[in-house]
Amino acid sequence: VSANRMFGGYGIYCDERIFAIVHQQRLYFKTNEVSRREYEARGTGPLRVHGATKITSYYEVPVEIEEDDGELRAWARRALAARDSAPK
């Protein structure tokens, strides 16, 4: 796992491919059509850069997930799966 600066925050990479973004002290994970529903159901939204531009493939990780190590790992695995299933 590594991090590189982007959007005024950081891109988080595993095996040299991005799966998460930290922006304005918030964590966003890569989503797909299926996983995005869980984020929306918990009331989180997509990453916004410069206040307006939405990056709809990355959604904010709910605070309660960030505070639970086991759940955070499970959600990170789903983000990796979403990344791996996306067109390259």
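Two strands are said to pair if DSSP finds at least two bridges between them. In this predicted model, strands S2 and S3 meet that condition, since five bridges join them and they run antiparallel. One of the residues involved is Tyr10, whose bridge partner in S3 is Val22.

## The sheet and its helices

The pairing of S2 with S3 belongs to a wider arrangement. Six strands form an open sheet in the order S1-S2-S3-S4-S6-S5, with antiparallel pairing. Strand S1 (2-6) and strand S5 (46-49) are the edge strands, each pairing on one side only. On average, and ignoring direction, neighbouring strands of the sheet are turned by 40° against each other. In general, the strands of a sheet pair through backbone hydrogen bonds, either parallel or antiparallel.

Helices lie across this sheet. Helix H1 (residues 33-41) crosses S4 and strand S6 (53-60), and runs at about 90° to S6. Helix H3 lies across S2, S3 and S4, at about 45° to S4.

## The nonpolar cores

In soluble globular proteins, nonpolar side chains tend to be buried together. The largest nonpolar core of this model has 14 residues, of which Phe19, Ala20, Leu27, Phe29, Tyr39, Val61 and Trp75 touch the most other members. At least two residues of this core come from each of strand S2 (9-14), strand S3 (17-23), strand S4 (26-30) and helix H3 (69-85). The greatest contribution is that of H3, with four residues. Apart from this core lies another, of six residues, including Tyr28, Leu47, Ile55 and Tyr58.

Beyond residues up to four places away in sequence, Ala20 touches Tyr10, Gly11, Ile12, Leu27, Tyr28, Phe29 and Tyr58.

## A buried lysine

Lys30 lies in strand S4. What is the nearest side chain of opposite charge to Lys30? It is Asp84, 10 Å away, and Lys30 is buried yet has no salt bridge. A salt bridge requires a side-chain nitrogen of Lys or Arg within 4 Å of a carboxyl oxygen of Asp or Glu. Leaving aside neighbours within four places in sequence, the contacts of Lys30 are Phe19, Ser57, Tyr58, Ala79, Ala82, Arg83 and Ala86.

## Salt bridges

The count of salt bridges comes to six. Three of them are listed below, each with its N to O distance.

| Positive residue | Negative residue | N to O distance |
|---|---|---|
| Arg17 | Asp84 | 3.3 Å |
| Arg42 | Glu38 | 2.6 Å |
| Arg42 | Glu64 | 3.1 Å |

The salt bridge of Arg17 with Asp84 links distant parts of the chain, for Arg17 is in strand S3 and Asp84 in helix H3, 67 residues apart. Arg17 is partly exposed, with a relative accessible area of 28%, and Asp84 is likewise partly exposed, at 43%.

Arg42 forms a salt bridge with Glu64. Arg42 lies in the loop between H1 and S5 and Glu64 in helix H2 (residues 63-66), so this pair ties together parts that are 22 residues apart in sequence. Salt bridges that share partners also join Arg17, Arg83 and Asp84 into one network.

## The loop between S2 and S3

Most residues other than glycine have a negative phi. Asp15, in the loop between S2 and S3, has a positive phi near 55°. Glu16, found in the loop between S2 and S3, has a positive phi near 65°. Asp15 is exposed, with a relative accessible area of 65%, and Glu16 counts as exposed at 75%.

Key: Residues numbered from 1 in each chain as written. Predicted model: local features only at pLDDT ≥ 70, side-chain atom pairs only at ≥ 80, totals over all residues. Heavy atoms only, no water. Core = buried A, V, L, I, M, F, W, Y, C linked by side-chain atoms within 4.5 Å. Buried < 20%, exposed > 50% of the residue type's maximum accessible area, 1.4 Å probe, protein only. Contact = heavy atoms within 4.5 Å. Lys, Arg positive; Asp, Glu negative; His and termini not counted. Axes fitted to C-alpha atoms, helices over the stretch in contact; angles between N-to-C directions.
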